[in-house]
Amino acid sequence: MLRRLSIVLLAFTWLNSANAAEQVDLRVLAWPGYADADMVEAFEARYKVKVKVSYITSDDEMWLRMGHKQGENYDVFAVNTAELQRYIDAKLAMPVNAQAISNKAKQLPRFQSLQDIHGITRDEQVFAIPYTYSEMGLIYNKNYFEQPPSSWQVLWDPQYQGKVLAYNGSAHNYSLAGMVQGVDNPFQQTDQEFKQSTEQLLALRRNVLTFYSSPEEASEFYNQESVALVFANYGAQQLKQLQDAGADIGYVIPQQGALAWLDCWAMSSGVKNKDLAHKWIDFTLEPWVSQLLTERQGLANTIVQDTRSLAEDKIIWLEEVEDNQRRSEFWENILSGKTLQMMSLP
């Protein structure tokens with residue numbers, strides 16, 4: 001009996017030790033480059049806590065991971081203002097106490113007036129704090145172009161078949177297709193416009209070498225294959241990675257304009273420690289932390305004015321789309337090789 005009791009006690013002690021070793025105080029869901037290891041270590045050391053960072057590579061993936069257990073697996077997550085709306089609707093995001101973010105005072109003026117930023121507030125409550133932003137421009141290989149391409153239509157040019165890298169994401173691709181077609185609102189497409197965008201994306205599929213998910217994956221394909229054009233979903237972040245690798249490339253905002261995202265820190269409805277979550281958001285707005293994002297990823301931050309943007313650039317900020325689920329389902333059909341006749345379009 002004593003021996004059996006000793007074994008039980010040992011097992012209990014081991015389980016407690018294992019649980020203690022796995023103790024996590026803050027769970028962060030973010031895009032690559034938003035929470036580098038040294039930044040996380042500095043936060044952990046300051047507040048004597050343990051942080052676990054999980055990374056996503058698409059809006060669709062984030063939606064699936066946040067939806068699992070109604071957001072209970074994460075405390076804070078990085079999301080663009082357009083996507084944020086469905087998290088609020090699904091009660092997966094909760095209001096942020098902007099007063100607890102003292103470093104907001106260090107942000108550029110246009111990011112301080114949260115009520116004026118579309119998608120950040122709802123019913124006078126703040127749901128997110130701006131962190132970084134970028135337009136989704138067009139990267140071109142100078143070996144293929146004497147002059148920069150001026151239109152997004154170049155992605156569909158037959159002479160570049162098999163030489164195009166495009167992003168694997170449903171919402172952005174349907175918005176891109178709508179923008180290229182000149183629809184009034186690429187984010188709120190009618191059934192007829194949605195059908196035309198599906199046809200446009202099917203044609204793009206035939207020209208694309210592959211659809212990438214992360215900047216690193218795009219760089220790998222670019223370096224291994226003869227790529228002429230890249231739809232830069234990650235904007236300046238991708239541009240910097242390829243330039244650092246020695247690629248002879250250019251970057252343009254075509255005449256139709258470029259979609260642009262504003263990524264923010266939001267708080268999950270499953271947050272365990274609200275005070276620590278607010279401290280994380282505030283920490284990322286310290287100038288040296290935000291500057292790391294710019295130096296390492298090439299992304300603009302909300303503290304220092306970005307000098308790369310031109311006044312004449314046509315920037316189209318992302319908005320909530322008409323039907324995320326429909327876009328996701330039809331995008332999967334496109335990726336799987338289905339034809340238009342095989343899809344049940346409205």
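This tour moves from the whole chain to its paired strands and then to several loop residues.

**Whole chain**

Begin with the complete chain, bearing in mind that the model is predicted. Colouring by secondary structure should show 12 helices and 15 strands. The C-alpha atoms fill a box of roughly 80 × 50 × 45 Å along the principal axes. The radius of gyration is 22 Å, which agrees with the value near 20 Å that a compact globule of 346 residues would have.

Next, switch to a surface representation. The chain exposes about 16100 Å², and carbon and sulfur atoms supply 49% of that area. Of the 346 residues, 55% are buried. If contacts are drawn between residues at least 6 apart in sequence, 76% of them join residues at least 24 apart. For the charges, select the 30 positive and 43 negative ones; the mean positions of the two sets are 7 Å apart.

**Strand S7 and its partners**

Select residues 129–135, which form strand S7. How many of its seven residues are buried? The count is seven of seven, and the strand is thus described as mostly covered.

Add residues 258–268, strand S13, to the selection. S7 and S13 run antiparallel and are joined by six bridges. To locate one of the paired positions, label Pro130, whose bridge partner in S13 is Cys264.

Then add strand S14, residues 300–301. This strand also pairs with S7 in the antiparallel sense, over two bridges. Here the residue to label on S7 is Tyr133, which stands opposite Ala300 in S14.

**Strand S8 and its partners**

Move to residues 138–141, strand S8, and display the side chains. Leu138 and Tyr140 point one way, whereas Ile139 and Asn141 point the other way. Such alternation between the two faces of the sheet is what a regular strand shows. On both sides of S8, these four residues are buried.

Two further strands should now be shown. Strand S11, residues 229–231, runs antiparallel to S8 and is joined to it by three bridges. Within that pairing, Tyr140 has Leu229 as its bridge partner. Strand S12, residues 249–252, pairs with S8 over four bridges, also in the antiparallel sense. On this side, Leu138 stands opposite Val252.

**The loop between S8 and S9**

Keep S8 in view and select Phe145, which is placed in the loop between S8 and S9. Is Phe145 buried or exposed? Its relative accessible area is 11%, so it counts as buried, the cut-off being under 20%.

Show the residues around Phe145 next. Leaving aside residues up to four places away in sequence, Phe145 touches Tyr140, Val154, Tyr160, Ala228 and Leu229. Two of these names have already appeared on the tour, as Tyr140 and Leu229 are bridge partners. A distance label from Phe145 to Gly250 should read 9.4 Å, C-alpha to C-alpha, although they are 105 residues apart in sequence.

In the loop between S8 and strand S9 (164–167), select Asp157 as well. This residue is partly exposed, with a relative accessible area of 25%. From Asp157, draw a distance to Lys240: the C-alpha atoms are 26 Å apart, and the sequence separation is 83 residues.

**Two residues with positive phi**

Most residues other than glycine have a negative phi. Two residues in this chain are worth selecting for comparison with that rule.

Lys48 is found in the loop between helix H2 (37–47) and strand S2 (51–55). Although it is not a glycine, Lys48 has a positive phi of about 55°. Its relative accessibility is 70%, and it therefore counts as exposed.

Asp123 lies in the loop between strand S5 (121–122) and strand S6 (125–126). Asp123 is likewise not a glycine and has a positive phi of about 55°. With 69% relative accessibility, Asp123 counts as exposed.

**After the last stop on helix H12**

Finish by selecting Ser344, in the segment that follows helix H12 (324–335). Ser344 is exposed, its relative accessible area being 69%. As a closing measurement in the viewer, link Ser344 to Gln115: the C-alpha atoms are separated by 40 Å, and the residues are 229 apart along the chain.

Terms used
Residues are numbered from 1 along each chain as its sequence is written. Side-chain values use heavy atoms; hydrogens and water are left out. The radius of gyration is taken over C-alpha atoms; the globule rule is 2.2 Å times the number of residues to the power 0.38. Buried means under 20% relative accessible area, exposed over 50%, partly exposed in between (1.4 Å probe, protein chains only). Contact means heavy atoms within 4.5 Å. Accessible areas come from the Shrake-Rupley method with a 1.4 Å probe; for residues, only the protein chains shown count as cover. Lys and Arg count as positive and Asp and Glu as negative; His and the chain ends are not counted. The place of a charge is taken as NZ of Lys, CZ of Arg, CG of Asp or CD of Glu. Two strands pair if DSSP finds at least two bridges between them.
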